[in-house]
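The report that follows concerns the secondary structure, nonpolar cores and charged pairs of one protein chain. Please read it beside the sequence and the model.

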Amino acid sequence: MAQRRSLAVPYGAVLAISFLACVATGLELSVNNHAADFTLTTELGPAISLSCLVHNSSQAEELLWYRGDGRVGLKDGNKVNISNICISPVNESDNGVAFTCKLARDTSVQVSVILDIQFPPQLSGEETLHVEEEKDVTLTCNSKSNPQAQSTWYKDNHNLTLQQKRHELYQTSEVFRLSIRKVQKSDNGTYTCVVQSPLGKGTRDFHLIVEDKKAVFPKEAVIAAIVVITITILFGIVARKDKFFKCFKKPRETAL
């Protein structure tokens with residue numbers, strides 16, 4: 001009687017068969033009626049609902065959701081053939097994050113949505129800085145926004161006139177910086193950082209007070225004087241050591 005042999009099927013072949021089955025049946029996913037990856041533009045605050053749906057399925061299909069690389073926890077009644085997640089409230093940390101819906105038995109079947117959260121610059125307040133004359137000073141505004149904002153600097157409500165080798169501007173998507181080298185009395189005043197995007201603007205004031213240059217303490221001269229005095233005292237002690245020893249010499253003991 002002939003014995004049956006069980007043939008082991010490679011795991012890669014299983015995935016290939018599963019993928020071909022999905023292609024043959026036209027199985028696909030959509031998120032908010034998008035069958036391909038897309039970007040969703042919205043604002044801060046209001047909740048966002050994302051709905052993932054299985055198309056052309058002949059059986060119950062389990063769905064998975066991911067926020068970036070992290071898996072989103074779903075309730076049991078929100079996993080089969082259709083799955084919904086809600087992002088509330090929408091905040092700055094959600095900007096640029098991808099939410100991806102995947103087919104559980106074949107995660108290559110997936111659709112991602114990237115959030116484009118738009119918000120104006122958030123900047124306000126004031127600050128007072130006391131700087132000694134001839135010292136350097138840096139004024140810094142930190143502000144996030146989407147789309148990216150641009151900065152303008154004012155002094156006493158007038159456009160700041162930049163002087164070469166004295167003023168330096170630095171800007172990134174979140175940092176706006178003005179540096180002034182070797183401040184002078186004429187630099188006294190209120191500097192205003194205005195950060196503006198198509199959605200709005202923010203401002204911050206810096207009250208710069210330039211103080212008189214302090215007299216430099218002659219540290220080296222004082223140290224040299226202390227060394228000279230110390231050496232003089234030591235030489236004086238050495239020169240008079242005989243007299244000191246005579247003063248402290250014990251009297252001879254006399255025999256009884």
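With which residue does Arg204 form a salt bridge? Arg204 pairs with Glu127, and their closest N and O atoms are 3.6 Å apart, where a salt bridge is a side-chain nitrogen of Lys or Arg within 4 Å of a carboxyl oxygen of Asp or Glu. This pair links distant parts of the chain, since Arg204 belongs to strand β16 (residues 200–211) and Glu127 to strand β9 (residues 126–132), 77 residues apart.

The model is a predicted one, in which local features need pLDDT of at least 70 and side-chain atom pairs count only at pLDDT 80 or more, whereas totals for chains, interfaces and linings use all residues. Residues are numbered from 1 along each chain as its sequence is written, and side-chain values use heavy atoms, with hydrogens and water left out.

The chain has 3 helices and 16 strands, taken as DSSP runs of H or I over at least four residues and of E over at least two, numbered from the N terminus. Of its 256 residues, 28% count as buried, that is, under 20% relative accessible area, with exposed meaning over 50% and partly exposed in between (1.4 Å probe, protein chains only).

The largest nonpolar core (buried Ala, Val, Leu, Ile, Met, Phe, Trp, Tyr and Cys residues joined through side-chain atoms within 4.5 Å) has 24 residues, and those with the most contacts inside it are Leu29, Val31, Leu50, Trp65 and Phe99. Strand β8 gives the most to this core, with 5 residues. Apart from it lies another core, of 19 residues, among them Cys141, Ile180, Cys193 and Val210.

By the salt-bridge rule the count comes to 6, and the table gives three of these pairs.

| Salt bridge | Closest N and O atoms |
|---|---|
| Arg67 and Asp94 | 2.9 Å |
| Arg204 and Glu127 | 3.6 Å |
| Arg166 and Asp187 | 2.5 Å |

Arg67 is partly exposed at 35% relative accessibility, whereas its partner Asp94 is buried at 5%. In the pair of Arg166 and Asp187, Arg166 is buried with a relative accessible area of 13%, and Asp187 is buried at 5%.

Asp106, in strand β8 (residues 106–118), is buried yet has no salt bridge, the nearest side chain of opposite charge being that of Arg105, 6.3 Å away. The side chain of Asp106 is nevertheless joined to that of Ser108 by a polar contact of 2.6 Å, a term for a pair of N or O atoms within 3.5 Å, of which, within protein, one must be able to donate a hydrogen and the other to accept it, residues adjacent in sequence counting only if both atoms are side-chain atoms.

Note on methods. Lys and Arg count as positive and Asp and Glu as negative; His and the chain ends are not counted.
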